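Student: I'd like a close look at one particular spot, and then a walk outward from there. Could you keep it in one connected story?

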Amino acid sequence: MSILQTTDNTTRRSAATRSARAVEGTRQPVALALQGGGSFGAFTWGVLDRLLEAEMPFDMVSGTSAGALNAVLLADGLAEGGPEAAKAKLARFWKRVSDTAPLPVPTRALEVTASIMSPYQFNPLGVNPLRDLLLHEVDFERLRAETPLPLMIAATRVSDGRLRLFREHEITLEAVLASCCLPRLHHAVEIDGEAYWDGGFSSNPPIRQLAIDTNADLILLVQLLAETAPGTPRHGAEISQRLSGIAFSEPLLKELEALDDLRALCREQKVMRSKQCRKILRLRIQRISAESAVDGLGQHSPLHVDRAFLSRLHEAGAAAADGWLAAQS
C-alpha cells in the first residue's frame, strides 16, 4: 500500500470532521515547536496532517533538524495553496525519503561506518540526498518573500557550539541543511563563512525564543525523543545510541528550564507587570509525544526510513493529534 494511502478516505474524512468539530469555537492560533529526531519526523508529519485537516491556525513555528524540514514544508505548502497543498507537499516529501534511501546499506552498518570514519572520508564529495529532495519540494525564494507564518530554524555553530536561529526571511536551502547536518554523516554546512552542524546540539527545538516572540497563548510541542531510557547500556552500539539520545534531548530540557526561569522573574514583578511578562505568564505548553504514541519506538534508529515504518509513524502522529484536538473541546 502506498504511504499516501495508509487509511481509507472515508476513515480520514470522518477523523478530520471529528477534529474540526473538536476545535470549533476555540480557533485561537497555536505556536508549534517541532523537535528533531531523524526519520521519527514522520510522526510530526502525521500530527501536522491532522492539524491541517482540522484547519488549526498557526501563529509561528520553530523547528530543528527533522522539525525544521516539517516546518519549512508546512510553510511553503501553505504559501503555495493552503492546507491541502501543505498536506500534499509533506506526503510527497516523506514518500521520497523512503524512495531515495540507500537500500543496500543496512542501518546498523551505516551507524558503524559513521562511528569509525569521517564523512570527509567515506563521502568526500559531500553528497546529500536531502538537498535534491528539498530543491524539488520547496521554493525558497517564495518562502522568504511570501511566508504565511513566522519561522525560526535552529542550527549549531561549529566554532563555539552556540545556537543560530534562522528566521523566515533568512531561510535558504543551506540553512535547512545546516539544521539537519549530523556531523558523523555529512560535511558541515557553511553559511556566510561560518560552519554549522545539526541544531539538535543547541536547541531541540527552540522554545524560549518562541515563547517570547509568539502572539499565541499556547505552544504545542511535538516531541520525538524520549527524555529517559531504562537500564544501563553495556554494549558499544547501545552506549552510542544512548549518548546520542542524551545529546539531542538535553537541549529541550534546558529550553524548558530557561522558560521557567523567565516565568519566575516575571512573577517577581508584583506591580506594573510588563506586557511581555503578562504574556509569558499566561502562556501554556502542551505536548504530543511520539514515545507515548508509538510502542517500542526507542528500539528503532532515527536513520531507519523503511516505508512501512514511516507509515506507522505517520498514522500514530495523526491519531495522537486527534486525541489532542478532542481534548481542546
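Is Glu55 buried or exposed, and in which loop does Glu55 lie?

Tutor: Glu55 is exposed, because its relative accessible area of 56% is over the 50% cut-off. Bear in mind that we're looking at a predicted model. You'll find Glu55 in the loop between α2 and β2, the strand that spans residues 58-64. Its backbone is worth a look too: phi is positive, about 55°, although Glu55 isn't a glycine. For context, most residues other than glycine have a negative phi.

Now look at Ala54, which also sits in the loop between α2 and β2. Ala54 counts as buried, since its relative accessibility is 0%. So this loop gives you an exposed Glu55 along with a buried Ala54. Ala54 also brings in a remote part of the sequence: Asp322 is 268 residues away along the chain, yet the two C-alpha atoms are 9.2 Å apart in space.

Asp322 leads us to a helix pair, as it is one of the α14 residues that take part in the contact with α2. Let's set up the geometry of that pair. The axes of α2 and α14 are 6 Å apart, and the helices pack at an angle of about 45°. That angle is why α2 and α14 are oblique to each other. As for handedness, α2 passes α14 in a right-handed crossing. On the α2 side, the contact is made by Ala42, Phe43, Trp45, Gly46, Val47, Asp49, Arg50 and Leu51. On the α14 side, you have Leu310, Leu313, His314, Ala316, Gly317, Ala318, Ala320, Ala321, Asp322, Trp324 and Leu325. Sort the residues of this contact by class and you get 13 nonpolar, 3 polar and 3 charged.

Stay on α2 for a moment and pick out Thr44, which lies in this helix, residues 41-53. Thr44 is buried, because its relative accessible area is 0%. Leaving out residues up to four places away in sequence, Thr44 touches Leu34, Asn70, Val222 and Leu224.

Phe43 tells a related story. With neighbours within four places in sequence set aside, Phe43 is in contact with Val222, Leu224, Ile288, Ser289, Ala290, Ala293, Val294, Leu313, His314, Ala316, Gly317 and Ala320. Val222 and Leu224 turn up in the contacts of Phe43 and in those of Thr44. Phe43 also belongs to the largest nonpolar core, a set of 69 residues in which Leu32, Phe43 and Leu134 have the most contacts. Helix α14, residues 307-327, gives this core its largest share, 8 residues. There's a second, separate core as well, with 20 residues, including Ala216, Leu221, Leu256 and Cys266. As a general backdrop, nonpolar side chains tend to be buried together in soluble globular proteins.

Leu134, named above for its contacts in the core, takes us to another helix pair. Helix α4, residues 83-99, and helix α7, residues 129-137, have axes that come within 11 Å and cross at roughly 155°. That makes α4 roughly antiparallel to α7. The crossing of α4 past α7 is right-handed. Lys89, Arg92, Phe93, Arg96 and Val97 in α4 meet Leu130, Leu133, Leu134, His136 and Glu137 in α7. By class, this contact has 5 nonpolar, 1 polar and 4 charged residues.

Back to backbone oddities, since Glu55 got us started. Met272 has a positive phi near 55° and is not a glycine either. Met272 sits in the loop between α11 and α12, the latter spanning 275-282. Met272 counts as exposed, because its relative accessibility is 78%. Then there's a cis peptide bond, which joins Asn204 and Pro205 with omega about 0°. Pro205 is placed in the loop between β6 (194-198) and α10 (208-213).

Finally, zoom out. The chain has 14 helices and 8 strands, and 47% of its 329 residues count as buried. Of the contacts between residues at least 6 apart in sequence, 79% join residues at least 24 apart.

Definitions and conventions
Residues are numbered from 1 along each chain as its sequence is written. This is a predicted model: local features need pLDDT of at least 70, side-chain atom pairs count only at pLDDT 80 or more; totals for chains, interfaces and linings use all residues. Side-chain values use heavy atoms; hydrogens and water are left out. Axes are lines fitted to C-alpha atoms, for helices over the stretch in contact, and angles run from 0 to 180 degrees between N-to-C directions. Helices (H or I, at least four residues) and strands (E, at least two) are DSSP runs, numbered from the N terminus. Angles under 35 degrees count as roughly parallel, over 145 as roughly antiparallel, 65 to 115 as roughly perpendicular and the rest as oblique. A crossing is left-handed if the near helix is turned anticlockwise from the far one by less than a right angle, and right-handed if clockwise. Contact means heavy atoms within 4.5 Å. Ala, Val, Leu, Ile, Met, Phe, Trp, Tyr, Cys and Pro count as nonpolar, Asp, Glu, Lys and Arg as charged, and the others, Gly among them, as polar. A nonpolar core is a set of buried Ala, Val, Leu, Ile, Met, Phe, Trp, Tyr and Cys residues joined through side-chain atoms within 4.5 Å. Buried means under 20% relative accessible area, exposed over 50%, partly exposed in between (1.4 Å probe, protein chains only).
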